[in-house]
Amino acid sequence: MTATPPGTPPETPDAPSAASTGSRPTGAPAPTSDPPQTPIGRIPVQQVSPTVDCGARPAKSVVGEEFTITATVFREGHDAVNASVVLTDPEGDEHVRSMTCTNPGLNTWEAVVAADAEGLWSYRVEGWSDPYGSWDHDATIKVTAGIDADLMLEEGAKILDRAVDEVDRTPAQAAVLRDAATALRDAHRPPLARLHAGTDPTVKAELAARPLRDFVSPSTAYPLLVERELALYGAWYEMFPRSEGAVQDPETGAWTSGTLRTAAKRLPAIARMGFDVVYLTPIHPIGTTARKGPNNTLDAGPDDPGSPYAIGSPDGGHDAINPELGDFDDFDDFVAEARSLGMEVALDLALQCSPDHPYVETHPEWFTTRADGSIAYAENPPKKYQDIYPLNFDNDPKGAYAEMRRVVQVWIDHGVTLFRVDNPHTKPVEFWQWLIADVAKDYPHIIWLAEAFTKPAMMATLAKTGFQQSYTYYTWRIAKWELEEYVRELAGEAAAYMRPSFWPTTHDILTPYMQFGGPTAWKLRAALAATLVPTYGIYAGYELVEHVARPGVEEQIDNEKYQLKNRRWEDYEPGGAKEGQSLAGYLTLLNQIRREHPSLHWLRNITFHPVDDENVMAFSKRRVETGPDGEVLSEDIVVVVANLDPHSTRETTIHLDMPALGLDWHDGMAAEDLITGASWHWGEHVYVRVGPETEPVHIVAIRRF
């Protein structure tokens with residue numbers, strides 16, 4: 001603001017316009033502050049949420065996913081204030097939603113919104129003066145008390161006149177307000193009758209739908225990235241393709257690797273279990289230098305296959321297929337078969353190299369050279385990975401970035417639609433931000449899953465800068481209190497940018513709980529993963545409760561990372577030698593429940609309920625579909641009750657938060673256990689018995705009486 005010269009009387013600004021746009025007379029703008037202050041607006045709008053890094057990065061949702069936008073909106077004095085959310089779609093069209101004041105004392109306003117199309121949206125909150133609301137409040141007091149009745153009623157009529165003239169309405173909608181204005185001016189009627197005409201529910205409903213807004217003051221517009229549903233909701237199944245169809249000679253002990261074609265034969269069984277994504281560990285050529293042997297030993301034999309994460313040999317690098325698995329025709333057929341069964345293919349993207357990778361010769365600058373001239377191999381002390389050279393993106397970022405982008409394109413061109421990225425926290429975050437954004441320019445449907453078991457700040461930042469999904473600490477969250485605390489965190493503010501993927505085990509992780517909890521623990525952890533969050537994953541062999549760990553480490557013995565494995569799936573089929581000893585049927589049921597209950601497709605709609613026993617957890621998810629006029633089209637309510645103690649059956653009482661279920665405190669409900677088929681009549685307080693003697697988890701569909 002320019003300072004007024006000494007002795008000069010200050011100018012008085014013109015009165016602001018009463019137009020519903022909130023604009024001021026041309027040529028007479030209100031004085032505004034100079035930086036570092038920014039204009040606060042005639043109606044202050046503050047603390048808009050959700051925002052990610054103050055709007056530097058987009059918040060995230062998927063098509064149709066509801067989330068709540070909040071803001072603090074207030075004004076001087078006692079006149080009524082109101083607020084709206086404006087969503088702007090990728091085509092530039094604006095969609096206005098009314099907000100509700102949920103905490104008048106703190107001036108907190110909220111609105112539940114959802115975007116109906118993919119793409120980059122934005123949203124802003126507009127605070128505005130509500131002339132009708134101010135008049136309604138004042139006139140009700142004064143006219144009832146007989147104070148300035150005629151004046152107040154005429155002022156109300158003028159406001160309704162403005163509402164007709166300044167806001168677009170159909171003739172029928174305008175007639176509601178015109179009739180009310182006429183009644184307000186009808187001196188032949190008693191003042192209270194005239195007041196009631198101006199405050200009739202039909203008048204209020206019309207002005208709520210199409211309000212007269214003065215001094216509209218918008219917040220900053222914040223970006224919102226809306227993606228396809230699979231970015232939030234889906235079931236993944238991980239396999240090492242070389243193990244599917246692998247056979248061992250019973251006489252010599254020699255192994256023959258499975259191929260992409262034999263792995264494709266496993267796809268119908270995976271699809272029958274209801275999985276949406278089949279995830280392949282790396283399928284590239286494997287180096288021989290420093291190759292790892294069984295159980296991560298350093299003395300690999302000539303027939304040991306090595307780790308598929310030691311990528312690169314004379315047969316090629318990240319853009320090639322291990323010849324033992326097949327060729328690109330075989331891969332294309334694998335992808336086509338998966339798609340025909342309703343599944344998509346995810347590929348492991350592990351940006352690291354074996355000492356035999358072509359990059360070592362053609363681009364030595366892409367690696368870190370030690371003082372003795374040798375290339376540094378991967379280490380995570382005390383662990384050493386002599387068979388892996390990490391890439392260094394700093395010596396030649398332009399060249400390295402371009403090459404990684406080319407590699408990704410190779411697999412996109414062959415039908416890969418999801419990438420599970422191995423250890424992204426060991427590469428520059430700005431690289432991932434650039435790569436994911438560059439791919440999204442032409443392929444916005446591509447989904448990236450970050451396998452980053454690391455510190456929270458890195459995990460959060462990877463999500464903020466582009467990764468649609470992230471592995472989580474779920475594997476190690478065992479106790480009730482830590483599970484509830486963690487899921488509340490993920491479903492709270494973090495849900496605006498980070499979508500969790502829960503995996504009970506992986507090819508790297510087998511916790512003591514899973515080692516010693518028996519089949520009950522494996523059922524429990526799968527059910528929790530499948531219902532606490534929308535995306536979960538299962539590593540092949542989970543069906544068989546592969547619980548034996550390599551001594552001294554929390555991973556499976558005879559790990560597929562270092563050797564082939566023939567699980568003899570046929571033995572577990574009907575009529576097989578081990579029929580009934582697989583959890584495949586249980587996983588099938590979980591995925592069927594997920595598909596049939598849309599409340600389980602969302603993250604932010606979870607509520608935890610008190611339980612008397614500290615080892616029993618109860619939570620619910622509710623989803624309501626409404627029509628254009630707010631009418632309820634469908635309602636889905638699921639309550640999950642889980643005994644976290646895999647060794648004993650427990651009896652306890654749940655105390656349901658009935659309003660969270662959309663019910664009154666004294667309502668009854670029909671409850672059907674989707675696991676066993678049992679049904680009950682439930683109320684606020686529910687007795688349950690769960691554990692290995694019955695079932696460790698109830699997944700209960702709730703229906704109103």
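This is a short tour of the packing, the aromatic pairs and the salt bridges in the structure above.

Keep in mind that this is a predicted model.

Let's start with the nonpolar core. The largest one has 161 residues. Which of them touch the most other members? They are Trp411, Phe419, Trp448, Phe502, Leu528 and Leu532. Helix 15, residues 518-532, gives the most to this core, with nine residues. There is also a second, separate core of 22 residues. Among its members are Trp135, Ala149, Val203 and Leu212.

Back to helix 15. The helix has 15 residues. From first C-alpha to last it reaches 21 Å, close to the 21 Å expected at 1.5 Å a residue. Is helix 15 mostly covered or mostly open? Mostly covered: 13 of its 15 residues are buried.

Look at leucine 532. Set aside its neighbours within four places in sequence. Leucine 532 is then in contact with Tyr474, Leu483, Val487, Phe502 and Leu603. The list goes on with Ile606, Phe608, Met617, Phe619 and Lys621. Phe502 in that list is also among the core residues that touch the most other members.

Now the aromatic rings. The count comes to 27 aromatic pairs. Take phenylalanine 419 and tryptophan 448. Their ring centres are 5.0 Å apart and their planes meet at 25°, so this pair is stacked. Phenylalanine 419 sits in strand 20, residues 418-422, and tryptophan 448 in strand 21, residues 447-451. The pair therefore ties together parts that are 29 residues apart in sequence. Buried or exposed, these two? Phenylalanine 419 is buried, and tryptophan 448 is buried too.

The next pair is tyrosine 471 and tryptophan 503. Here the centres are 5.3 Å apart and the planes are at 15°, so these rings are stacked as well. This pair links distant parts of the chain, 32 residues apart. Tyrosine 471 is in strand 22, residues 469-471. Tryptophan 503 is in the loop between strand 23 (500-502) and helix 14 (512-516). Tyrosine 471 and tryptophan 503 are both buried. They also belong to one aromatic cluster, together with Trp236, Tyr279, Phe453 and Trp476.

Two rings carry a charge over the face. Lysine 464 lies over the face of tyrosine 497, 5.0 Å from the ring centre. Arginine 477 lies over the face of tyrosine 486, 5.1 Å from the ring centre.

On to salt bridges. How many are there in the whole structure? The search finds 47.

I'll go through three. In the first, glutamate 126 pairs with arginine 213, with the closest N and O atoms 2.8 Å apart. Glutamate 126 is in strand 8, residues 119-129. Arginine 213 is in the loop between helix 5 (201-209) and strand 9 (214-218). So where does that leave them in sequence? They are 87 residues apart, and the pair links distant parts of the chain. Both glutamate 126 and arginine 213 are buried.

The second bridge joins arginine 162 and aspartate 214, at 2.7 Å from N to O. Arginine 162 is in helix 2, residues 149-166, and aspartate 214 is in strand 9. That pair is 52 residues apart. Arginine 162 and aspartate 214 are each buried.

The third joins arginine 567 and glutamate 546, with the closest N and O atoms 2.8 Å apart. Both residues lie in the loop between strand 24 and helix 16, so the pair ties together parts 21 residues apart in sequence. Why is arginine 567 called buried? Because its relative accessible area is 7%, and the cut-off for buried is under 20%. Glutamate 546 has a relative accessible area of 16%, so this residue counts as buried too.

One network to note. Shared partners join Glu94, Arg124, Glu126 and Arg213 through salt bridges.

Last stop: glutamine 563. Where is it? Glutamine 563 is in the loop between strand 24 (535-539) and helix 16 (584-596). Its relative accessible area is 17%, so glutamine 563 is buried. Leave out residues up to four places away in sequence, and glutamine 563 touches Arg242, Ser243, Pro294, Asn295, Pro305 and Asp558. Pick proline 294 from that list. Glutamine 563 and proline 294 are 269 residues apart in sequence, and 5.8 Å apart in space, C-alpha to C-alpha.

Definitions and conventions:
Residues numbered from 1 in each chain as written. Predicted model: local features only at pLDDT ≥ 70, side-chain atom pairs only at ≥ 80, totals over all residues. Heavy atoms only, no water. Core = buried A, V, L, I, M, F, W, Y, C linked by side-chain atoms within 4.5 Å. Buried < 20%, exposed > 50% of the residue type's maximum accessible area, 1.4 Å probe, protein only. Helix = DSSP H or I, 4+ residues; strand = E, 2+ residues; numbered from the N terminus. Contact = heavy atoms within 4.5 Å. Expected span 1.5 Å × (residues − 1). Phe/Tyr/Trp six-rings, centres within 6.5 Å; stacked < 30°, edge-to-face > 60°. Lys NZ or Arg CZ within 6 Å of the ring centre and 35° of its normal. Salt bridge = Lys/Arg side-chain N within 4 Å of Asp/Glu carboxyl O.
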